[in-house]
Amino acid sequence: MSILVVGSVAFDSIETPHGAVDHCLGGAATHFSLAASYFTPVRVIAVVGEDFTEVHEGVLTKRGVDTQGIERAKGLSFHWTGSYSGNMDEAKTLGTDLNVFQTFEPKIPAAYADSKYLFLANIDPALQARVRSQMPQVRMVCGDTMNYWIADHGENLAKVLRDLDVLLINDGEVRMLAGERNLVLAAEKVLSMGPKTLVVKHGEYGATAFFSDRSFGGQTKISRPFRAPALPLAEVVDPTGAGDSFAGGFYGYLASQPELTPAVFRTAMFYGGVMGSFAVERFGTDRLQAVTREEIEERFNLFKEISHLEGA
Ligand code: AMP
């Protein structure tokens with residue numbers, strides 16, 4: 001079933017120990033859409049500027065992503081500048097130019113109205129809330145955010161959190177949001193802010209889901225967290241978009257399934273890890289554009305293999 005995603009469609013200037021790129025196509029909604037497109041139809045709501053060309057749009061449409069909800073405005077597209085050093089576990093943001101996103105009023109095309117799965121990718125929580133309020137009939141709402149919004153847009157973010165089925169953020173963001181260093185206590189605090197389930201991304205170490213009594217419609221109670229692995233990779237070229245690609249694989253798989261069960265949820269976390277692991281192998285969206293369904297399945301099996309304990 002179709003996913004509707006709102007989030008940044010951007011240009012990224014990135015420096016890592018493996019090189020640098022200037023203004024490559026990026027953005028949370030872009031990475032998410034490409035990753036999710038291998039599992040289910042995706043529709044995007046975003047705004048871009050005059051620097052966004054047919055070639056850039058083609059990256060999404062070639063993967064079957066519906067781009068009629070990407071508005072074109074006068075001015076420049078969102079531009080993020082960041083760098084990674086050492087083991088590249090954390091991005092250092094050098095610049096966030098919101099540009100056309102500053103005055104964006106999201107409008108949902110009529111053709112998107114029947115979307116059953118909504119993903120609020122990383123962007124101003126006020127925009128996430130506006131899109132959410134225009135889609136009251138969705139079956140599931142999943143969301144992401146980052147330190148930039150947690151730090152200065154807490155009030156708007158709190159409203160978004162209240163209404164989420166799943167919040168997907170990294171461990172640093174969970175601790176920041178909760179004001180608590182211990183991850184288990186921080187997760188409990190974040191769940192009390194609204195999300196029914198919390199998925200914490202640990203970069204190269206996988207991801208952990210924390211459940212509440214409200215997960216799975218309150219019907220199946222899971223008291224323990226679930227941890228999915230990440231694949232140890234010999235070469236990480238550019239971690240940008242790994243989290244969004246995780247979200248795309250995770251939510252794309254969920255939306256492709258008839259029912260949300262604990263087993264489906266756990267499998268989705270593995271597919272999230274698979275898509276995140278591809279994203280980091282090249283700069284920008286290059287790897288996500290070129291990966292095949294066979295490679296995805298092959299890596300999924302590898303994920304199963306590396307985390308399976310036989311005969312214990
Ligand atoms: P991640 O998956 O966390 O590595 O996300 C990377 C993407 O997030 C990049 O392609 C950026 O364009 C985008 N991004 C960076 N900062 C922001 C922000 N404040 N709001 C929305 N998107 C952002």
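A polar contact is a pair of N or O atoms within 3.5 Å; within protein, one must be able to donate a hydrogen and the other to accept it. The views below come from a predicted model.

**View 1. The start of helix 3.** Here a side-chain oxygen of Asp-124 lies within 2.9 Å of the backbone nitrogen of Ala-126. Helix 3 spans residues 125–133.

**View 2. The buried face of helix 3.** Pro-125, Leu-127, Gln-128, Val-131 and Arg-132 are the buried residues of this helix. Viewed down the axis of helix 3, they fall within an arc of 155°, so they line one face. Their packing partners include three helix and strand neighbours late in the chain: strand 9 (140–143), helix 4 (147–152) and helix 5 (154–161). Strand 1 (3–6), strand 4 (42–48) and strand 8 (117–120) also pack against these buried residues.

**View 3. An open, mixed sheet.** The sheet has 4 strands, ordered 3-2-6-7, with mixed pairing. Strand 3 (19–26) and strand 7 (92–97) are the edge strands, each pairing on one side only. Neighbouring strands are turned by 15° against each other on average, direction ignored.

**View 4. Strands 2 and 3.** Strand 2 (residues 10–16) runs antiparallel to strand 3, and 6 bridges join them. Within this pair, Asp-12 stands opposite Cys-24 of strand 3.

**View 5. Two buried cysteines.** Cys-24 counts as buried because its relative accessibility is 16%, and the cut-off for buried is under 20%. Cys-142 is buried too, at 0% relative accessibility. A search of the whole structure finds 0 disulfides.

How values were computed: Residues are numbered from 1 along each chain as its sequence is written. This is a predicted model: local features need pLDDT of at least 70, side-chain atom pairs count only at pLDDT 80 or more; totals for chains, interfaces and linings use all residues. Side-chain values use heavy atoms; hydrogens and water are left out. A disulfide is a pair of cysteine sulfur atoms within 2.5 Å. Buried means under 20% relative accessible area, exposed over 50%, partly exposed in between (1.4 Å probe, protein chains only). Two strands pair if DSSP finds at least two bridges between them. Helices (H or I, at least four residues) and strands (E, at least two) are DSSP runs, numbered from the N terminus. Axes are lines fitted to C-alpha atoms, for helices over the stretch in contact, and angles run from 0 to 180 degrees between N-to-C directions. The arc is that of the directions from the helix axis to the C-beta atoms. Contact means heavy atoms within 4.5 Å.
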